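Q: Hi! Could you walk me through this structure?
A: Happy to, let's take a look together.

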Amino acid sequence: MFSCKKRTFSKVDLSDSLLVSSTHFQYLSAKANLDFTLPSQNAKAKTAIRMQQDSLIWLSIGSSMGIEVLRVQANPDSIWVINRDQQSYQEFAFQELSERFSFPLSFHLVQDLLVGEMPVKQFSKNQTMLNDDEYVITQQINGIEIQNYMSTATRKLNRLLIKDTRSGSLMEIVYQHYTLVDGILFPYHIKAQLHYRDKQSGEKQRIKAEVEYQKIELSNEPLRFPFKVPGTYQKTN
């Protein structure tokens, strides 16, 4: 997870904080290829993504034949998943998922991951080092250690490491191929891994996800977020 490359760090002479390039939008729609690996399965899918910043995330995940398999909707409190194949649905609170994976999952973390944003934007010059063409910003918040590797040229993330020092769970995200969309830089290639220990078996597990955007569009006009669970579908854990 951590690079073996020798790094030479030097202090950065900053004022109280470093100017970070932030991503602001009202509505976002995108087409992407999604490749994900769970402990029990591996799948690739065509995915439609819609967002209302800070309010809703909506995904339609389809098979290679273009048929929708999963529909997902998340708000700041909860996440719902409709499974077309199994004619079932699931509902989770983000707090429940955080406990399951021993890792601080949240709506805003998922949103930031999908658009290449720093999860925590407040930091001081004492937390910032310079390594060649990257700023390395280290933050400690309530037992969570965050390392942000930010390009000095674009002020956007190249890589992000988040570790829960209490459980040892670790997430790494790599951002590549930044592209301008309406004057905003978005990473068109995102690789994420979550390493955690299964609470029941005690075994180490890994979840991997790779998002390759094909198209991103921004809008000030409201998007539709259709989400309705058929009455015949059964709720599963």
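**Pocket, strands and core**

A: Helix H2 gives the most residues, 3, to the lining of the second largest pocket. Keep in mind that this is a predicted model.

Q: Cool, which elements give two or more residues to that lining?
A: They are helix H2 (107–115) and strand E10 (144–151). Among the lining residues are His108, Leu109, Asp112, Ile144 and Ile146.

Q: And what volume does the second largest pocket have?
A: About 220 Å³. Its lining divides into 8 nonpolar, 2 polar and 1 charged residues.

Q: Switching topic: how do strands E2 and E3 run?
A: E2 (residues 27–38) and E3 (residues 41–52) run antiparallel, joined by 12 bridges. A hairpin through 2 residues links E2 to E3, and Leu28 stands opposite Met51 in E3.

Q: How many bridges join E3 to E4?
A: There are 7, and E3 and E4 (residues 56–62) run antiparallel. One pair is Arg50 with Trp58 in E4. This hairpin has 3 residues between its strands, and Asp54 in the turn has a positive phi of about 70 degrees.

Q: Okay, which residues touch the most other members of the largest nonpolar core?
A: Leu28, Phe186, Tyr213 and Ile216, out of 55 residues in that core. Strand E13 (residues 184–197) supplies the largest share of this core, 7 residues. Apart from it lies another core of 5 residues, including Tyr27 and Trp58.

Q: What is Tyr213 in contact with, leaving aside neighbours within four places in sequence?
A: Its contacts include Ala30, Ile49, Leu114, Pro187 and Ile190.

Methods:
Residues are numbered from 1 along each chain as its sequence is written. This is a predicted model: local features need pLDDT of at least 70, side-chain atom pairs count only at pLDDT 80 or more; totals for chains, interfaces and linings use all residues. Side-chain values use heavy atoms; hydrogens and water are left out. A nonpolar core is a set of buried Ala, Val, Leu, Ile, Met, Phe, Trp, Tyr and Cys residues joined through side-chain atoms within 4.5 Å. Buried means under 20% relative accessible area, exposed over 50%, partly exposed in between (1.4 Å probe, protein chains only). Helices (H or I, at least four residues) and strands (E, at least two) are DSSP runs, numbered from the N terminus. Contact means heavy atoms within 4.5 Å. On a 1 Å grid over the protein atoms alone, a cavity is a set of points where a 1.4 Å probe fits but cannot get out, and a pocket is an open set with protein on both sides within 12 Å along at least five of seven lines; lining residues have an atom within 4 Å of a point. Grid points are joined across faces, edges and corners, and a volume is the space filled by probe spheres set on the points. Ala, Val, Leu, Ile, Met, Phe, Trp, Tyr, Cys and Pro count as nonpolar, Asp, Glu, Lys and Arg as charged, and the others, Gly among them, as polar. Two strands pair if DSSP finds at least two bridges between them.
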